[in-house]
Amino acid sequence: MSNINILHMNQGVGGKSYAKNSSIQMSMMSKTLTIVKDTITDMFTNHFTPFEILETFKIADVGCASGPNTLLFVSEVIDTVYNLSNQNQNKSLEISIVLNDLHKNDFNNIFSALPSFYNRLQERHGYEFSQKCFISGVAASFYERLLPCKSVHFVHSSNSLHWLSQVPNNLKNKGHIYMAKDCLPNVFEAYKNQFYKDFSSFINKRSHEILPSGRMVLTFMGRSIPEPSSNDCCCLWELLAQSLLDMVSQQGLIQKEVVDSFNLPLYTPYTDEVKEIIMEEKSFDLEKMEIFKYNWDQDDNNDKKKSGEILANCIRAAIEPMLRTHFGELFLNNVFKRYTERIADHLKIEKTKFINFTICLRKK
Ligand code: SAH
């Protein structure tokens, strides 16, 4: 895995790779994949549809990006279905996997990796089976319809749904780039409303596409307490806001108004908010909700500077395209140097965690 995507591996819209694989990411991936495999296995063992007569198992991975993670997920799912089809005496089962991301995603990168992906698949499971796995791409926002009605059994999304469709309209949030402790109450309200609108739209759009009893496994960032300015969801961004402001005050590299007018299209919900949206939307039952916590400095080393650097690089890989569009490229190295120092200073005083939710939904 070349990029870290704790938040948003946005190389699809032009991000560079600043960070090598991290233990946080590995640990997140393996936990999510276990849940994905268990869910698919459960679908077959509990006969969501008679397995013997199922011709094609149809899967969609939405917000797939274009790094090796993309095909890692595909490969794991194919292996799971291969094993199940053997166990269940349905060797003719075909698999369709639709990969979705925004239109600027580097789909070419995924498609160019497919020939060697298929070679490896053939080595593992034989030519005949490799001919039954169909991988395709859909470039569109997952807040809109992506697939025909009742055309998919299983939808997966990893580390994408904390990204909103847009920054809340008319947001006045001077001196911050996301929710922070001293934001005005209407900032919290605006972010929450945008998430409610987007997340319920996501669920509603998928509800048309998923077959009855089909499932979704969704992993995204959240927060641990109802308070919307909790450290585990805001601190990382507030440190970045302060690093941008350092460019205003110390180096005069940028105008304050330019920082004031930048806000992230992101939301880190509390568990109850997620549950409430699912209940109100009514198309899905929430079968499971797992909450995972990861230390910012996962390796627990004493070298806070190193931890700061790793984390700052993660964030840079994730959001640089957004920053470049708003601020230009010139001073970004200075911002991230400052950001590294600020994260390191923070870690010297306090341990902070990321919160990730994985939820499993079943279509009614
Ligand atoms: N699922 C991958 C990549 C996560 S990075 C993994 O877990 O490794 C988040 C991805 O979500 C990015 O590629 C981004 O372009 C995509 N994304 C964000 N908003 C989206 C939207 N509205 N529709 C589709 N994809 C979106």
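**Exercise 1.** In this predicted model, determine which elements each supply at least two residues of the lining of the largest cavity, and how the residues of that lining divide by polarity.

*Solution.* Step 1: The elements that each supply at least two lining residues are helix 6 (231–249) and strand 7. Step 2: Helix 6 accounts for the largest share of the lining, 6 residues. Step 3: By residue type, the lining comprises 8 nonpolar, 2 polar and 2 charged residues.

**Exercise 2.** State how many cavities of 30 Å³ or more the structure holds, and characterise the largest cavity by its space and by the lining residues closest to its centre.

*Solution.* Step 1: A count of cavities of 30 Å³ or more gives 2. Step 2: The largest cavity encloses about 50 Å³ of space. Step 3: It is lined by 12 residues, of which M221, D232, C233, L236 and W237 are the closest to its centre.

**Exercise 3.** Identify the residues with the most contacts inside the largest nonpolar core and the helix that gives the most to this core.

*Solution.* Step 1: The largest nonpolar core contains 111 residues, and F57 and F199 have the most contacts inside it. Step 2: Helix 6 gives the most to this core, namely 10 residues.

**Exercise 4.** Establish which residues of helix 8 (271–281) are buried, what covers them, and which residue just after the helix takes a positive phi.

*Solution.* Step 1: Under the cut-off of 20% relative accessible area, T271, E273, V274, I277, I278 and E281 are buried in helix 8. Step 2: The cover over these buried residues includes helix 5 (185–209), strand 5 (210–222), strand 6 (284–295) and strand 7 (353–363). Step 3: Just after helix 8, K282 has a positive phi of about 80°.

Note on methods
Residues are numbered from 1 along each chain as its sequence is written. This is a predicted model: local features need pLDDT of at least 70, side-chain atom pairs count only at pLDDT 80 or more; totals for chains, interfaces and linings use all residues. Side-chain values use heavy atoms; hydrogens and water are left out. Buried means under 20% relative accessible area, exposed over 50%, partly exposed in between (1.4 Å probe, protein chains only). Helices (H or I, at least four residues) and strands (E, at least two) are DSSP runs, numbered from the N terminus. Contact means heavy atoms within 4.5 Å. On a 1 Å grid over the protein atoms alone, a cavity is a set of points where a 1.4 Å probe fits but cannot get out, and a pocket is an open set with protein on both sides within 12 Å along at least five of seven lines; lining residues have an atom within 4 Å of a point. Grid points are joined across faces, edges and corners, and a volume is the space filled by probe spheres set on the points. Ala, Val, Leu, Ile, Met, Phe, Trp, Tyr, Cys and Pro count as nonpolar, Asp, Glu, Lys and Arg as charged, and the others, Gly among them, as polar. A nonpolar core is a set of buried Ala, Val, Leu, Ile, Met, Phe, Trp, Tyr and Cys residues joined through side-chain atoms within 4.5 Å.
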